[in-house]
Amino acid sequence: MRATTLLRAVLGLKHTRVLSFRLTETSLVLGVKPAKKRRSICSGCGKRAPRYDRRLRTWRHLDVCGVTTELEYEAWRVDCPRCGVTIEIVPWADAQSGFTRPF
């Protein structure tokens, strides 16, 4: 079993691919992305919106064996006609949150 597959199972992340991981002095950082290739959807209203640019974002997840865990993803910012420039929706976190849903 691959380490990334094991980490995805241990963390309970649905609709998410774990691409990489690294240990820092204080935490476990996982490089993730949504499992399915999809169009960018506004996290505010849930409507499709044109992509704007990408920014590296991190979300705090539940600790694994007492180690602080963070998810990293280069999320698309979208230019929504209704909400303005905001981040695309991701399967592991709610809109405008720095924490994953299980956290």
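**Close-up 1. Leu62 and a nonpolar patch on the surface of the predicted model.** At a relative accessibility of 36%, Leu62 counts as partly exposed, and the structure in which this value was computed is a predicted model. Leu62 belongs to strand S3, and together with Phe99 and Phe103 this residue makes a nonpolar surface patch of about 280 Å². A reader who follows the chain to these three residues, Leu62, Phe99 and Phe103, will therefore be looking at nonpolar side chains that form a patch on the surface.

**Close-up 2. The largest nonpolar core and the strands that supply it.** The largest nonpolar core holds 15 residues, and the members that touch the most others are Leu30, Val32, Trp59, Leu71, Tyr73, Val90 and Trp92. Two or more residues of this core come from each of strand S2 (27–34), strand S3 (51–64) and strand S4 (67–80). Which residues of this core are the ones in contact with the most other members, and do they include aromatic or nonaromatic residues? Among them are the aromatic residues Trp59, Tyr73 and Trp92, and also Leu30, Val32, Leu71 and Val90.

**Close-up 3. Two aromatic pairs that meet at Trp92.** The count of aromatic pairs in the model comes to two. In one of them, Trp59 and Trp92 are arranged edge-to-face, with 5.4 Å from centre to centre and 80° between the planes of the rings. This pair links distant parts of the chain, since Trp59 lies in strand S3 while Trp92 lies in the segment after strand S5 (84–87), 33 residues apart. Are these two tryptophans buried or exposed? Trp59 has a relative accessibility of 2% and so counts as buried, and Trp92, also with a relative accessible area of 2%, is buried. The rings of Tyr73 and Trp92 have centres 5.5 Å apart and planes at 90°, which is why this pair is edge-to-face. Because Tyr73 lies in strand S4 and Trp92 in the segment after S5, the pair ties together parts that are 19 residues apart in sequence. Tyr73 is buried, as is Trp92, and the three residues Trp59, Tyr73 and Trp92 form one aromatic cluster.

**Close-up 4. The hairpin of strands S1 and S2.** Strand S1 (residues 16–23) and strand S2 run antiparallel and are joined by seven bridges. Three residues lie between the two strands, which form a hairpin. Which residue of S2 is the bridge partner of Val18? The partner is Val32, a residue that is also among those touching the most other members of the largest nonpolar core. When tracing either strand of the hairpin, it helps to remember that in a regular strand the side chains alternate between the two faces of the sheet.

**Close-up 5. Salt bridges that involve strand S3.** The model has a count of five salt bridges, and three of them are described in this view. Arg54 forms a salt bridge with Glu74, with the closest N and O atoms 3.9 Å apart; this pair links distant parts of the chain, because Arg54 is in strand S3 and Glu74 is in strand S4, 20 residues apart. Both partners lie between the limits for buried and exposed: Arg54 counts as partly exposed at 38% relative accessibility, and Glu74 counts as partly exposed at 41%. Arg55 forms a salt bridge with Asp53, and here the closest N and O atoms are 3.5 Å apart. Arg55 is partly exposed, with a relative accessible area of 41%, and Asp53, at 23% relative accessibility, likewise counts as partly exposed. The side chains of Arg60 and Asp63 also meet in a salt bridge, at 2.9 Å from N to O. Arg60 is partly exposed with a relative accessible area of 22%, while Asp63 counts as partly exposed at 43%. Salt bridges that share partners join Asp53, Arg55 and Arg77 into one network.

**Close-up 6. Arg82 in the loop between S4 and S5.** Arg82 is found in the loop between strands S4 and S5. Is this residue buried or exposed? Its relative accessibility is 67%, and because the limit for exposed is over 50%, Arg82 counts as exposed. Although Arg82 and Ala49 are 33 residues apart along the chain, their C-alpha atoms are separated by 9.4 Å.

Definitions and conventions
Residues numbered from 1 in each chain as written. Predicted model: local features only at pLDDT ≥ 70, side-chain atom pairs only at ≥ 80, totals over all residues. Heavy atoms only, no water. Core = buried A, V, L, I, M, F, W, Y, C linked by side-chain atoms within 4.5 Å. Buried < 20%, exposed > 50% of the residue type's maximum accessible area, 1.4 Å probe, protein only. Helix = DSSP H or I, 4+ residues; strand = E, 2+ residues; numbered from the N terminus. Phe/Tyr/Trp six-rings, centres within 6.5 Å; stacked < 30°, edge-to-face > 60°. Pairing = 2+ DSSP bridges. Patch = residues over 30% accessible without salt bridge, like charges linked within 9 Å, V, L, I, M, F, W, Y side chains within 5 Å. Areas by Shrake-Rupley, 256 points an atom, 1.4 Å probe, with all protein chains shown as cover. Salt bridge = Lys/Arg side-chain N within 4 Å of Asp/Glu carboxyl O.
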